[in-house]
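Welcome, and please load the model in your viewer. We will go from one selection to the next and say what is there at each stop.

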Amino acid sequence: MSERYCVFGHPISHSRSPWIHAAFADQCGMTIDYTAIEAPLDDFAGTWRSFIATGGIGANVTVPFKEEAFRLADASSARAQRAGAVNTLLLTDEGTTYGDTTDGVGLVRDLEQHDVMLTGARVLILGAGGAVRGILEPLLDAHPASVFIANRTAVKAAALARDFRDLGGVEGGGFNDIRATYDVVINGTSASLAGDLPPLRDDLFTSGATAYDMMYGAEPTVFLAWAQKRGAHPVDGLGMLVEQAAESYYLWRGERPDTTRVLEALRFKLVHG
Ligand code: ATR
């Protein structure tokens with residue numbers, strides 16, 4: 001019988017995770033049973049319990065359940081504890097639930113795939129919500145020269161920076177507090193979803209800078225189109241999606257899939273339907 005995994009979210013029908021994980025399994029010469037499950041908003045824990053009662057051994061978790069999944073896990077990784085969120089659940093041999101978060105590693109790996117050097121770079125992060133909290137530890141572990149978190153609500157960025165200050169030079173403030181130029185600018189706001197652009201200075205980028213949007217779509221996001229016009233190299237978050245999935249796959253199965261081919265095929269699907 002195939003090993004049983006799923007992704008939980010609400011809504012979930014748009015999820016590309018079943019396709020990505022089927023492609024990973026195919027590469028490894030096996031089939032897995034990986035489905036998308038829409039958990040009810042008021043019973044995530046019950047849905048996980050039913051899943052494992054029917055043979056499930058691992059799951060990805062997406063919006064809006066990542067924090068609840070963290071609270072549900074009997075134990076979790078240090079990076080998940082920092083993030084206060086979990087995107088990967090694993091049923092242990094002892095029958096307990098282990099939680100981890102692979103989003104930040106996914107972002108860092110995708111930047112590496114694009115030859116973007118984080119070590120020594122000046123990094124600007126836009127947004128201070130759960131998505132940004134989830135990437136900060138792996139990002140700071142790469143030893144950038146500095147990180148500034150800018151957010152519409154400045155106090156949230158300042159508080160988030162304080163929570164991670166022990167890991168390196170990280171400051172926070174409002175969009176108006178952005179003073180310097182940056183080698184890497186990461187958009188972690190949900191503004192792209194609404195087609196909005198945070199209010200940013202035109203001269204934000206150093207020469208050869210990278211603009212990264214954690215969102216993706218068939219067309220460049222508003223932020224990436226804006227950044228490209230100002231000389232930055234644009235990268236969207238499709239690679240992060242594939243890389244975080246690969247890290248989850250590794251946690252479950254101990255094998256690292258080749259992400260390049262899967263990302264190429266997914267890009268083709270996204271653009272051509
Ligand atoms: P997520 O889990 O995606 O991070 P979130 O925790 O709700 O979701 O955070 C959304 C982030 O996008 C926040 O940083 C939010 O700014 P505020 O903290 O000021 O709300 C930011 N955001 C959402 N819409 C935005 C917009 N139109 N312009 C700028 N920032 C926006």
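Two strands count as paired here if DSSP finds at least two bridges between them. Keep in mind throughout that this is a predicted model.

**Stop 1: the mixed sheet**

Start by colouring strands β1 to β6. With mixed pairing, these six strands make an open sheet in the order β2-β1-β3-β5-β6-β4. Select β2 (32–38) and β4 (75–76) next: they stand at the edges with a single partner strand each, so one side of each has no neighbour in the sheet. Strands of a sheet pair through backbone hydrogen bonds, either parallel or antiparallel.

Now show helix α1, residues 17–27. Helix α1 lies across β1 (3–9), β2 and β3, and runs at about 170° to β2.

**Stop 2: β3, β5 and β6**

Zoom in on β3 (residues 56–61) and β5 (residues 88–91), an antiparallel pair with three bridges. Which residues of β3 stand opposite Thr-88 and Leu-90 in β5? Asn-60 is opposite Thr-88, and Gly-58 is opposite Leu-90.

Then move across to β6. Strands β5 and β6 run antiparallel and are joined by four bridges. Thr-88 appears again here, with Asp-100 as its bridge partner in β6. Follow the hairpin of β5 and β6 through the five residues between the strands, and you will find Gly-95 with a positive phi near 85°.

Just beyond, pick Thr-101, in the loop between β6 (97–100) and α5 (103–113). Is Thr-101 buried or exposed? Its relative accessibility is 5%; buried means under 20%, so Thr-101 counts as buried. Setting aside neighbours within four places in sequence, show what Thr-101 is in contact with: Ser-77, Arg-79, Ala-80, Ala-83, Ala-85, Val-86 and Asn-87.

**Stop 3: two cysteines**

Select Cys-6 and Cys-28 together. How many disulfides are there? The count is zero. A disulfide needs two cysteine sulfur atoms within 2.5 Å, and the sulfur of Cys-6 is 19 Å from that of Cys-28, its closest cysteine sulfur, so the two are too far apart for a bond. Their surroundings can be compared as well: Cys-6 is buried at 0% relative accessibility, while Cys-28 is partly exposed with a relative accessible area of 24%.

**Stop 4: backbone oddities**

Most residues other than glycine have a negative phi, and most peptide bonds are trans. With that in mind, look at four places in the backbone.

- His-10 and Pro-11 are joined by a cis peptide bond with omega about 5°; Pro-11 sits in the loop between β1 and α1.
- Val-63 to Pro-64 is also a cis peptide bond, with omega near 5°; Pro-64 is in the loop between β3 and α3 (66–72).
- Asp-115 has a positive phi near 55°. This residue belongs to the loop between α5 and β7 (122–126) and is exposed, at 71% relative accessibility.
- His-143 has a positive phi near 60°. Its place is the loop between α6 and β8, where it is exposed at 57% relative accessibility.

His-143 follows helix α6, so step back into that helix (residues 130–141). Its buried residues are Val-132, Gly-134, Ile-135, Leu-136, Glu-137, Pro-138, Leu-139 and Leu-140.

**Stop 5: the parallel sheet**

Colour strands β7 to β12 now. They form an open sheet of six strands with parallel pairing, in the order β9-β8-β7-β10-β11-β12. At its edges are β9 (170–173) and β12 (233–235), each paired on one side only. Neighbouring strands are turned by 20° against each other on average, direction ignored.

Select β10 (residues 182–187) and β11 (residues 205–213) for a parallel pair with five bridges; here Val-184 stands opposite Thr-210. Helix α7 (residues 154–164) packs on this sheet, touching β8 (146–150) and β9, and makes about 165° with the direction of β9.

**Stop 6: the ligand**

Finish by centring the view on the ligand. Which of the 13 residues around it come nearest? They are Ala-131, Asn-151, Arg-152, Thr-153 and Lys-156. Draw three distances to ligand oxygen atoms:

- 2.9 Å from a polar backbone atom of Ala-128
- 3.1 Å from a polar backbone atom of Gly-130
- 2.7 Å from a polar side-chain atom of Asn-151

Note on methods. Residues numbered from 1 in each chain as written. Predicted model: local features only at pLDDT ≥ 70, side-chain atom pairs only at ≥ 80, totals over all residues. Heavy atoms only, no water. Helix = DSSP H or I, 4+ residues; strand = E, 2+ residues; numbered from the N terminus. Contact = heavy atoms within 4.5 Å. Axes fitted to C-alpha atoms, helices over the stretch in contact; angles between N-to-C directions. Buried < 20%, exposed > 50% of the residue type's maximum accessible area, 1.4 Å probe, protein only. Near = heavy atom within 4 Å. Polar contact = N/O pair within 3.5 Å; in protein donor to acceptor, adjacent residues only side chain to side chain.
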